[in-house]
Amino acid sequence: MAYLLVGFLALWGITFAYLYVMARRQSRLERELELLRGEIAARGDRSEE
Amino acid sequence: MALAGAWMAVALAFALLLAPTEAVMGAVQRIFYFHVSASWCGYVALLVAFIASLLYLSRREARWDGLALASSELGWVFITQGIVSGSIWAKAVWGTWWTWDPRLTTSAVLWMIYTSYLLLRGAVLEPNLRARLAAIYNLAGFVAVPLNFMAIRWWRAAHPLVLDGGGFRIAPGMLTALLVSVGAFSALYVTLLLLRLRVERLQDAIQSLRAR
């Protein structure tokens with residue numbers, strides 16, 4: 001029974017670790033993209049002035 | 001994501017509660033439902049990556065390289081799950097974490113091939129060269145997948161054989177639990193693939209904005 005528990009914990013541990021890493025990376029990239037878009041828009045405004 | 005989660009909960013209920021207990025191994029045999037499903041999804045993910053690499057080499061479109069990377073990475077995750085869960089099951093049933101059985105040996109080779117694939121991608125900086133090299137490597141490395149699948153059919157092995165020319169060699173109640181579990185893992189694979197592809201698209205969008 002202990003091996004069954006360890007087996008399931010290992011399986012779900014790997015799945016959730018991957019899911020967690022991907023979700024974090026996604027939110028970091030979304031923030032980065034927003035910042036970049038903001039920077040580009042600000043640059044565009046300055047060059048128009 | 002919600003569908004994959006609900007399906008996985010049903011698969012857990014089948015594997016832990018509804019499937020009959022195996023007479024010789026007892027409760028630990030229930031690892032089988034997720035061990036086989038993870039390995040199966042590993043094969044499917046690596047097959048998708050193989051096809052995506054073929055498409056990249058014939059069409060040179062970056063989206064196929066992105067799909068090959070996403071699916072190879074998931075294939076690596078599922079193969080890792082299969083090896084880890086199999087090793088825990090082996091310790092309970094065979095009394096050892098690892099033995100150089102043909103299936104286990106080819107699984108280790110498969111795992112190392114795709115670990116190297118991911119390392120190779122990280123080592124080449126020029127995007128077009130990286131995509132081309134990775135696609136060629138993926139086509140060559142995929143040979144290990146059918147070899148791993150057939151290992152217990154071609155050579156004498158301690159690893160059990162569930163599916164052969166005569167069909168499934170398990171009780172009907174176990175087969176139902178296995179099929180539900182394979183379905184749940186397939187839904188999980190599709191969910192994770194979509195998430196991984198979204199991350200890939202975000203990275204591409206950031207790179208193209210920076211290049212402006």
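## A salt bridge within helix α7 of chain B

Because B:Glu200 and B:Arg196 stand 4 residues apart in helix α7 of chain B, about one helical turn separates them. In this predicted model, the two residues form a salt bridge in which the closest N and O atoms are 3.0 Å apart. Side chains of opposite charge can pair when their charged atoms come close.

Both partners count as buried, although their values are not equal: B:Glu200 has a relative accessibility of 14%, while B:Arg196 has a relative accessible area of 2%. Since buried means under 20% relative accessible area, B:Glu200 falls into that class at 14%, and B:Arg196 falls into it at 2%.

## The network that joins the chains

Beyond helix α7, salt bridges that share partners link A:Arg28, A:Glu32 and B:Arg210 into one network. Within this network, the side chains of A:Glu32 and B:Arg210 meet in a salt bridge with an N to O distance of 2.6 Å. Over all chains, the structure holds 7 salt bridges. The pair of A:Glu32 and B:Arg210 joins two chains, because A:Glu32 lies in helix α1 of chain A, which covers residues 2-48, and B:Arg210 lies in helix α7 of chain B, which covers residues 172-211.

The surroundings of these two side chains can be described through their accessibility: A:Glu32 counts as partly exposed at 21% relative accessibility, whereas B:Arg210 is exposed, with a relative accessible area of 54%.

## The interface between chain A and chain B

The area buried between chain A and chain B is about 2800 Å², and carbon and sulfur atoms give 81% of that area. On the side of chain A, the residues that lose the most area to chain B are A:Tyr3, A:Leu11 and A:Tyr18, which together account for 23% of what that side buries. The contact takes in 24 residues from chain A and 34 residues from chain B.

As for polar and charged pairing, the rule finds 2 salt bridges across the interface of chain A and chain B. Across this interface there are also 5 residue pairs in polar contact, with both residues of each pair at pLDDT 80 or more.

## A further salt bridge in chain B

Another pairing within chain B is the salt bridge of B:Glu61 with B:Arg63, whose closest N and O atoms are 3.0 Å apart. Of these partners, B:Glu61 counts as partly exposed at 28% relative accessibility, while B:Arg63 is exposed, with a relative accessible area of 56%.

## A buried serine and a nonpolar surface patch

B:Ser37 lies in helix α2 of chain B, which runs over residues 31-59, and at 0% relative accessibility B:Ser37 counts as buried. When its neighbours within four places in sequence are left aside, B:Ser37 is in contact with B:Leu178, B:Ser181, B:Val182 and B:Phe185.

At the surface, by contrast, B:Leu3, B:Trp7 and B:Val10 make a nonpolar patch of about 290 Å². One of these residues, B:Trp7, has its place in helix α1 of chain B, which covers residues 2-18, and B:Trp7 counts as partly exposed because its relative accessibility is 35%.

Note on methods:
Residues are numbered from 1 along each chain as its sequence is written. Chains are lettered from A and ligands numbered from 1 in the order in which they are written. This is a predicted model: local features need pLDDT of at least 70, side-chain atom pairs count only at pLDDT 80 or more; totals for chains, interfaces and linings use all residues. Side-chain values use heavy atoms; hydrogens and water are left out. Patches are made of residues with over 30% relative accessible area and no salt bridge: like charges are joined within 9 Å, nonpolar side chains (Val, Leu, Ile, Met, Phe, Trp, Tyr) within 5 Å. Accessible areas come from the Shrake-Rupley method with a 1.4 Å probe; for residues, only the protein chains shown count as cover. A salt bridge is a side-chain nitrogen of Lys or Arg within 4 Å of a carboxyl oxygen of Asp or Glu. Buried means under 20% relative accessible area, exposed over 50%, partly exposed in between (1.4 Å probe, protein chains only). Contact means heavy atoms within 4.5 Å. Buried area is the accessible area (1.4 Å probe) that two parts lose on being put together, summed over both. A polar contact is a pair of N or O atoms within 3.5 Å; within protein, one must be able to donate a hydrogen and the other to accept it, and residues adjacent in sequence count only if both atoms are side-chain atoms.
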